[in-house]
Amino acid sequence: MTTAAPDHAPKYAQVSLPDRIGKAMPLLLVPLLVVLGFLSIGSPSSWLTLTVSGLAMGMMIFIMASGLTLVFGLMDVINFGHGAFISVGAYVGISVLLGLESWTGVPSLLLNVAAVIAAVIAAMCVTGALGWGFERVIVRPVYGAHLKQILVTVGGLIVIEQMIHVIWGPDEIYLTRPEMLKGAVTFAGAAIEKYRLLAVVFGLALFVAMRLVLKRTKIGLIVRAGVQNGEMVEALGYRLRLVFIGVFIAGSALAGLGGVMWGLYQEVITAGMGEEMMILVFIVVIIGGLGSVEGAFIGALLVGLLQNYVAFLEPKLALISNIALMTAILMWRPQGMMPVVKAK
Amino acid sequence: MSDPILELSGVHTGIAQYHILQGVDLVVPRGGVTMLLGRNGVGKTTTLRTIIGHWQAKSGSLRFDGADITTLPTPARARAGIGFVPEDMGIFSDLTVEENMILAAASGPLDQARLEWIFAAFPPLRTFWRSEAGNLSGGQKQMLSIARAMAEERALYLIDEPTKGLAPAIISTMAGALRDLKNKGASILLVEQNFAVAKALGDTAAVMDDGRIVWAGRMAELAGDAALQERLMGLSMEAH
């Protein structure tokens, strides 16, 4: 979206070189980690397998985290209930897939993809609607009160988890991926799971689409501006509350989508899976910088890659690797890598 | 003072436990510049923020262009025709100058003729059109802040200390732009500490103290009466 802009270019840069390098540093962290991983692992095939696995994991975490960071940035809302949308999305999507076994159980790419798309649409619709209700009933009364937000959204999370137990039963549900998404392809001596490749491609496509919406549309401009200074956006005449509801619904639907993808990745779902993922999701949102979709993307890739590399190199350290990553990044940049929210 | 664009009657505004505005009565005439003056901390910024709706009046009434806007939310007030330039400029630093301006045109695409008028008033905005607003200098940010309010025709502009901390050359540019806006028939309620600017631009003035308007009249009358300035604000503006 551009206007008939003047043809003048800036006459001089007002940003110093160190400033530019400093700003670009977070972008260099992912390639740096990949190179460090290669040097540490030694075996190119193992490194390739782990890298694709880490990227796939990172993409799925990004899908779950992107909505949460915008929700926080736009309205200063800390939503611990976000994990519930991940679980509900997984249960709805997997239920659809289990109901379409005649499509998923045959080696037909068309039918398999159609089943996954149906599962994703169902999950996103249900979690989007659930997010709308969650915002109206649980979040709206506690705008501006962080402690209350934490308490009521955790409460909402627990209620929804219990509802999952009521509807789907207390036991975990095991599933198998559609036929064409099973197995691996071999590349350069490395076995790479087909589903992980799909997750990487899908995550990248989603990131590009989100960036296009945020950068090239007016609603995207309003969201980006609202994250920085909501008061000023309202003073220009935009009803930020409506935009926020839209973002909340979209964020919830994306969490649902992430839930379906994570369920297919793990091949088992539980009511508590969203709650467990929220630790990683919050780490990603915090290290990325509150309100930053780009920061969440980089943060998610770092988390996914690091967890996979460390689990291979030193399994006992895998559990603390992401906390260590968060600590290191916050010591380097206390506001996160690419903070958008300055102060509210 | 007939046909005012804005009328505040007995407006009280509180922030947390602080009772800032304590019955503000203010009339802003249609067309021209009304200066809102007073020492620091007397409630000038709070008055502007109450008018745009960032802080809601606890009691009293606000009428804009004949309509009661007391309970309207901020976006509705803006769409009714009130433009706001806050003291901190409120620019979106991660957005480009172009994106800031596109957002400022809330009702549709940017009007090219109006944009050319803005570029004529603030040439650096043309130069840095595609630069991130956060990389602009302080003066350029202030230009963008005012330009954003000018992006669409507004019946009333609320502008809070636009020359604060700026170099004299930039102040002159600001004053020129505001004069241009005034000459186009806009109504401006301007908070300003720079007396030279206030004297040059102001048609009428209102002086605040302790959350109330304590004097209102012609700017020329206030500017020409050092004793009145001393009594109202504890200083002579000519000394500034």
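Student: What makes strand β7 and strand β8 of chain B a pair, and do they run parallel or antiparallel?
Tutor: Two strands pair if DSSP finds at least two bridges between them. Five bridges join β7 (residues 156-160) to β8 (residues 187-191) of chain B. They therefore count as a pair, and they run parallel. B:Asp160 stands opposite B:Val191 in β8(B).

Student: What kind of model is this, and how are residues numbered?
Tutor: It is a predicted model, in which local features need pLDDT of at least 70 and side-chain atom pairs count only at pLDDT 80 or more, while totals for chains, interfaces and linings use all residues. Residues are numbered from 1 along each chain as its sequence is written, and chains are lettered from A, with ligands numbered from 1, in the order in which they are written.

Student: How do you know where the predictor is confident in chain A?
Tutor: By pLDDT, the predictor's confidence in each residue, from 0 to 100. Chain A has a mean of 90, and 94% of its residues reach 70 or more. Over residues 1-13 of chain A the value stays under 50. The model has 21 contacts beyond four places in sequence for that stretch.

Student: What counts as a helix or a strand, and how many does chain B have?
Tutor: Both are DSSP runs, numbered from the N terminus: helices are H or I with at least four residues, strands are E with at least two. Chain B has ten helices and ten strands.

Student: Which sheet contains β7(B), and which strands are its edges?
Tutor: An open sheet of six strands, in the order β6-β7-β8-β3-β9-β10, with mixed pairing. β6 (82-85) and β10 (212-218) of chain B each have a single partner strand, so one side of each lacks a neighbour in the sheet. The twist averages 15 degrees from one strand to the next.

Student: What makes β2(B) and β5(B) edge strands in the sheet of four?
Tutor: That open sheet has the order β2-β1-β4-β5 in chain B, with antiparallel pairing. β2 (18-29) and β5 (67-68) each have a single partner strand, so one side of each is left without a neighbour.

Student: How many bridges hold each pair in that sheet?
Tutor: Nine join β1 (residues 4-15) to β2(B). Five join β1(B) to β4(B). Two join β4(B) to β5(B). Partners include B:Pro4 with B:Pro29, B:Thr13 with B:Leu21, B:Glu7 with B:Arg63 and B:Phe64 with B:Ala67.

Student: Which residues of the two hairpins have a positive phi?
Tutor: B:Ala16, in the turn between β1(B) and β2(B), has a phi of about 55 degrees. B:Asp65, in the hairpin of β4(B) and β5(B), has one near 50 degrees. Each hairpin has two residues between its strands.

Student: Where does helix α1 of chain B lie?
Tutor: Helix α1 (residues 44-52) lies across β1, β2 and β4 (59-64) of chain B, at about 70 degrees to β2(B). α1(B) also lies across β3 (32-37), β6, β7, β8 and β9 (204-209) of chain B, at about 145 degrees to β7(B). Axes are lines fitted to C-alpha atoms, for helices over the stretch in contact, and angles run from 0 to 180 degrees between N-to-C directions.

Student: How do you know whether chain B agrees with a compact globule?
Tutor: Compare the radius of gyration, taken over C-alpha atoms, with the globule rule: 2.2 Å times the number of residues to the power 0.38. With 240 residues, a compact globule would be near 18 Å; chain B has 17 Å, which agrees.

Student: Which residues of chains A and B count as being in contact, and how many are there?
Tutor: Two residues are in contact if their C-beta atoms, placed from the backbone, lie within 7 Å. On that basis, 28 residues of chain B touch 25 residues of chain A. α3(B) gives the most to the side of chain B that touches chain A, with five residues.

Student: Why are α8(A) and α3(B) described as they are, parallel or perpendicular?
Tutor: Helix α8 (residues 218-235) of chain A and helix α3 (residues 97-104) of chain B pack at about 105 degrees, with their axes 10 Å apart. Angles under 35 degrees count as roughly parallel, over 145 as roughly antiparallel, 65 to 115 as roughly perpendicular and the rest as oblique. So α8(A) is roughly perpendicular to α3(B).
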